[in-house]
Each structure stands twice: as structure tokens, then as C-alpha cells.
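Biologist: Could you take me through this model and then dwell on a single part of it? I would like the numbers together with the cut-offs behind them.

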Amino acid sequence: MADLRPSLEAVLMVADQPLDEVTLASAVGYAVAEVRDALADLAREYTEQGRGFELRPVAGGWRFYTREEYAAVVEAFVLDGQQARLTQAALETLAVVAYKQPVSRARVSAIRGVNVDGVMRTLLTRGLVEEAGHDGEHGATLYRTTSYFLERIGIISLDELPELAPYLPEMADLEDELAAAEPAPEAPA
């Protein structure tokens, strides 16, 4: 049997997605508890040694990442000056899916107030959302975020998404806006 820690490093080095402890234990032939301890030890050692990468848990598994202070160097190398950022419309649509999932395309459109068909295709293509079945009442396709979405934003689960309440306007502010938007009553003739 190969040494545990180098075996874990080798498998994680070629993984294209986070690997959970059970999968890693199966791959290297060790008990899950031993793998869990070895992963924690490796992560701690990489940090103590000041390596340019880190091992961290994300999206239900473990994966190597560039340490934040070296992200700009890697980004410049990989992208060579080209950025593939999401548009504001895509970010807004992705936020609706993340907080309302599973959700239909029509519901996302209703919440955003615009047609989101093209944006949803982009998010599907980029692997940030996926189909999550069908609505039993209307038969509409439902969508949810993917583990790749969790990985890209650096969280383990959707429970880590921030609460929306602090970012929403106060009810008094909404009432003021609604009152200002209503037409003035006509004066009697």
C-alpha cells in the first residue's frame, strides 16, 4: 500500500472537482478517518509552510486552490489578460436561482422583470446551474445551482449564502417609493 499523504496529494492533483473523503479513501485504500486526519494535516502544513497553494474543503469535498495572495499572478498567466466575467444580468439571474431553487425560468423572469432565457442558457453552458426536475403543477423545468457554483464562490453549501434581509430596503422606504409612484388624485371640478 502506498503512503497515505503522497497518495492523497497525487489524486487531488489530477482531480477536476472537489473529492469527498469517502472517494479519496477508496482511491488510496485507507480508512475514511485516516484520510480525514491526513487531509487536515496536509492543509495545516501547506499553510504553515507558506506554499503558493492551499488544500481546503469546498462543495462537499477537498481540492487544491491557489493561495489568495498569488491569485493575480495565476490569473494573469491563465487568462493572459482576457476576463470571462458574468454580466450584471447573469449575476442577478444566478442570485435568484441560488436563493429560490429549485425555480423555473418563468419564475426567475417574473422576479427579475425581464426575459432570462438567454442568460439561463449562458449559466447552463458555464455549468453554474443545472436542471433539477419539473414542476408538478405546470411541468416547467426547474433549475438549481451546481457544485461548481459552490466551488467558484468558495462555499461548502448553500447554507453559507448570506442572508438577504440586510440588503433589502426597509418597508417604510418601499411605502414612500410606492406613494411617490402613484398618480396624484384628480382635483374635483
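What does the accessible surface of the protein chain come to, and what percentage of it belongs to carbon and sulfur atoms? After that, please look closely at strand β1 and the pairs that tie it to other parts.

Modeller: Happy to. This is a predicted model, in which local features need pLDDT of at least 70 and side-chain atom pairs count only at pLDDT 80 or more, while totals for chains, interfaces and linings use all residues. Numbering starts from 1 along each chain as its sequence is written, and side-chain values use heavy atoms, with hydrogens and water left out.

To your question: the accessible surface of the protein chain is about 12600 Å², and 54% of that belongs to carbon and sulfur atoms. Accessible areas come from the Shrake-Rupley method with a 1.4 Å probe, and for residues only the protein chains shown count as cover. Of the 189 residues, 28% count as buried (buried is under 20% relative accessible area, exposed over 50%, partly exposed in between, with a 1.4 Å probe and protein chains only). The chain has nine helices and five strands, which are DSSP runs numbered from the N terminus (helices are H or I with at least four residues, strands E with at least two). In order from the N terminus, they read α-α-α-β-β-α-α-β-α-α-β-β-α-α.

Now for strand β1, which covers residues 53-58. Let me begin with its aromatic side. F53 lies in β1 and F64 in strand β2 (residues 61-66), so their pair ties together parts that are eleven residues apart in sequence. The two ring centres are 5.4 Å apart and the planes stand at 85 degrees, so the pair is edge-to-face. Rings of Phe, Tyr and Trp (its six-membered ring) pair if their centres lie within 6.5 Å, and planes under 30 degrees apart count as stacked, over 60 as edge-to-face and the rest as tilted. F64 is buried at 15% relative accessible area, whereas F53 is partly exposed at 27%. Y46 joins F53 and F64 in one aromatic cluster, and the structure holds three aromatic pairs.

The charged side is built around E54, which is buried, with a relative accessible area of 17%. One of its partners is R67, with the closest N and O atoms 3.6 Å apart in a salt bridge (a side-chain nitrogen of Lys or Arg within 4 Å of a carboxyl oxygen of Asp or Glu). E54 is in β1 and R67 in the loop between β2 and α4, so this pair ties together parts that are 13 residues apart in sequence. R67 is buried too, at 8% relative accessible area.

E54 also forms a salt bridge with R56, whose closest N and O atoms are 3.1 Å apart. R56 is partly exposed at 27% relative accessibility. Its charged end sits over the ring of Y65, 3.8 Å from the ring centre; the criterion is NZ of Lys or CZ of Arg within 6 Å of the ring centre and within 35 degrees of the ring normal.

For context, a search of the whole structure finds nine salt bridges. Another of them is between E92 and R112, with the closest N and O atoms 2.9 Å apart. Back at β1, shared partners join E54, R56 and R67 into one salt-bridge network.
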